[in-house]
Amino acid sequence: MIIVRTNQCRPGMKLGRSIYTEQGHVLAGRGFILTEHAINKLAQLGLPFLHIEEEGTEDIAPDQAIRDETIIVLHGALSHVMDELLVGKRDVLSANVVRFCHDAAKMLVADLRERRNHLCLPVHLTTMLADGDKQHFLEHALNVGVCATRLGLEDGLNSENLHALAMGAILHDVGRLLLPGGLKCTAKDSSLEKYMSHTELGYRLLRDSGFPLLTAHSALYHHERIDGSGYPYGLESNSIHKHIQWISMFDLFDTLVNGRGNNSPMLPHEALEVLYGGAGILYDLEKVRRMRDNLALFPKGTTVRLSSGEIGVVSGFHEDSKQRPIVRVIRTPEGNSLRYPYEVDLKQQLHLMISGLGSEKSFAVGAGAAAADWSSETKERRSNRVFHVV
């Protein structure tokens with residue numbers, strides 16, 4: 001099985017995992033043959049990746065960060081949060097939804113405890129939301145939640161603080177739901193000060209709804225940077241909770257890799273380079289190194305294009321060189337299936353490199369644009385630092 005970006009799928013491909021509606025009904029079952037209309041519809045609805053059955057990859061089982069059951073519960077908790085804030089226009093979350101979030105966080109922690117030897121893996125949703133902005137919000141929340149919680153677990157946090165961190169990581173961006181434009185409001189299409197207020201809005205909501213202080217502070221401080229250039233308070237170094245710093249780093253990494261905010265997506269190792277560019281200035285250097293060591297940059301099943309133009313699927317990786325995995329080549333540069341797929345170890349074949357995901361030629365242009373936007377945003381924060389009283 002392979003994982004392919006939805007907009008790179010072709011008619012005739014067969015689904016390897018079912019896709020569900022928001023209500024839990026099967027939208028397209030495993031084995032469904034994709035049509036051009038179905039591909040376009042799934043892409044429009046905001047589903048970024050599909051699991052595809054591909055000849056020659058039957059023995060490759062994509063790794064999962066957490067169980068499907070846990071994803072469903074987390075999805076449900078976040079959906080209820082969105083419904084209450086976007087539709088119900090509430091100032092605080094109901095006791096039932098708060099309890100739902102607590103239970104979901106406990107399931108997440110339990111899953112990660114059972115998978116202690118697994119790397120940080122991306123979450124690929126198979127549930128469709130009718131609203132693409134909600135879909136992106138949900139996926140981002142889950143990815144940051146899974147990765148930040150796993151590093152908190154590695155740090156030896158006790159159960160109480162680990163659950164609080166898990167909820168904080170999942171709900172770190174909840175304040176965006178309270179902005180005047182809701183999820184459509186971004187730093188690019190609104191005044192910076194207006195967008196920055198989502199940190200304080202999220203903090204007040206979580207505090208007043210009865211969440212632990214660490215959870216509420218995760219929403220408040222996830223845009224702080226150790227050199228004092230972040231917001232809303234311009235905190236420096238040790239003034240920023242060390243575990244909330246994990247949320248800050250994964251927040252940026254996931255945004256860069258998935259190309260949100262109208263940017264083109266970066267390759268994972270390129271996004272990691274952006275974080276390294278801020279190591280020791282914006283982010284703690286040792287934390288960036290640990291993030292590098294714990295990330296599965298190219299998980300098994302990921303479809304990649306090599307610099308030779310050939311298309312392959314990641315079949316394995318090296319613990320000490322995650323950016324150069326083992327790739328099973330399955331298609332020619334023209335996209336024709338190989339009768340006899342073969343494997344290439346990029347750690348040994350140094351003349352080859354991954355130049356894109358799926359059938360894309362390269363992410364070089366998109367990565368450069370995203371990095372430039374990140375750099376300019378950082379400069380803008382420095383020159384427009386705003387302080388508020390909570």
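Student: Which element gives the largest share of the lining of the largest cavity?

Tutor: That is α9, with five residues. Keep in mind that we are looking at a predicted model. The elements giving two or more residues to this lining are β1, α4 (132-154) and α9 (244-258).

Student: What makes this space a cavity, and how many cavities are there in the whole structure?

Tutor: A cavity is a place where a 1.4 Å probe fits but cannot get out. Searching the whole structure turns up seven cavities of 30 Å³ or more. The largest cavity holds about 450 Å³ of space, so it passes that cut-off and is counted.

Student: Which residues are closest to the centre of the largest cavity?

Tutor: Phe 49, Pro 122, His 124, Val 257 and Asn 258 are the closest, out of 32 lining residues. By class, the lining has 21 nonpolar, seven polar and four charged residues.

Student: What is the volume of the second largest cavity, and what lines it?

Tutor: Its volume is about 100 Å³. Twelve residues line the second largest cavity, and the closest to its centre are Arg 10, Met 13, Thr 303, Ile 311 and Arg 331. Two elements, β1 and β8 (321-331), give two or more residues to this lining. Its residues divide into five nonpolar, four polar and three charged.

Student: How do you know that β6 and β7 pair?

Tutor: Pairing takes at least two bridges between the strands. Strand β6 (residues 303-306) and strand β7 (residues 311-318) have three bridges, in the antiparallel sense, so they count as paired. Val 304 stands opposite Gly 312 in β7.

Student: What is the strand order in the sheet of five strands, and why are β9 and β10 at its edges?

Tutor: The order is β9-β8-β7-β6-β10, in an open sheet with antiparallel pairing. Because β9 (337-345) and β10 (354-357) each have a single partner strand, one side of each is left without a neighbour in the sheet. From one strand to the next, the twist averages 40°.

Student: What about the sheet of three strands? Which strands stand at the edges there?

Tutor: That open sheet has the order β1-β5-β2, again with antiparallel pairing. β1 (2-5) and β2 (14-15) are the edge strands; each has a single partner strand, so one side of each lacks a neighbour in the sheet.

Student: How do you know that β1 and β5 pair?

Tutor: The cut-off is at least two bridges. β1 and strand β5 (residues 49-53) are joined over four bridges in the antiparallel sense, so they pair. Arg 5 stands opposite Phe 49 in β5.

Student: What makes Lys 89 and Pro 232 worth a look in the backbone?

Tutor: Most residues other than glycine have a negative phi, and most peptide bonds are trans. Lys 89 is not a glycine, yet has a positive phi of about 55°; this residue is found in the loop between α2 (68-87) and α3 (95-114). The peptide bond from Tyr 231 to Pro 232 is cis, with omega near 15°, and Pro 232 is found in the loop between α8 (213-221) and α9.

Student: What is the mean pLDDT, and where does pLDDT stay under 50?

Tutor: The mean pLDDT of the protein is 85, and 86% of its residues reach 70 or more. Over residues 361-390, pLDDT stays under 50, although the model has 63 contacts beyond four places in sequence for them. Where pLDDT is low, the predicted coordinates should not be read in detail.

Key:
Residues are numbered from 1 along each chain as its sequence is written. This is a predicted model: local features need pLDDT of at least 70, side-chain atom pairs count only at pLDDT 80 or more; totals for chains, interfaces and linings use all residues. Side-chain values use heavy atoms; hydrogens and water are left out. Axes are lines fitted to C-alpha atoms, for helices over the stretch in contact, and angles run from 0 to 180 degrees between N-to-C directions. On a 1 Å grid over the protein atoms alone, a cavity is a set of points where a 1.4 Å probe fits but cannot get out, and a pocket is an open set with protein on both sides within 12 Å along at least five of seven lines; lining residues have an atom within 4 Å of a point. Grid points are joined across faces, edges and corners, and a volume is the space filled by probe spheres set on the points. Ala, Val, Leu, Ile, Met, Phe, Trp, Tyr, Cys and Pro count as nonpolar, Asp, Glu, Lys and Arg as charged, and the others, Gly among them, as polar. pLDDT is the predictor's confidence in each residue, from 0 to 100. Contact means heavy atoms within 4.5 Å.
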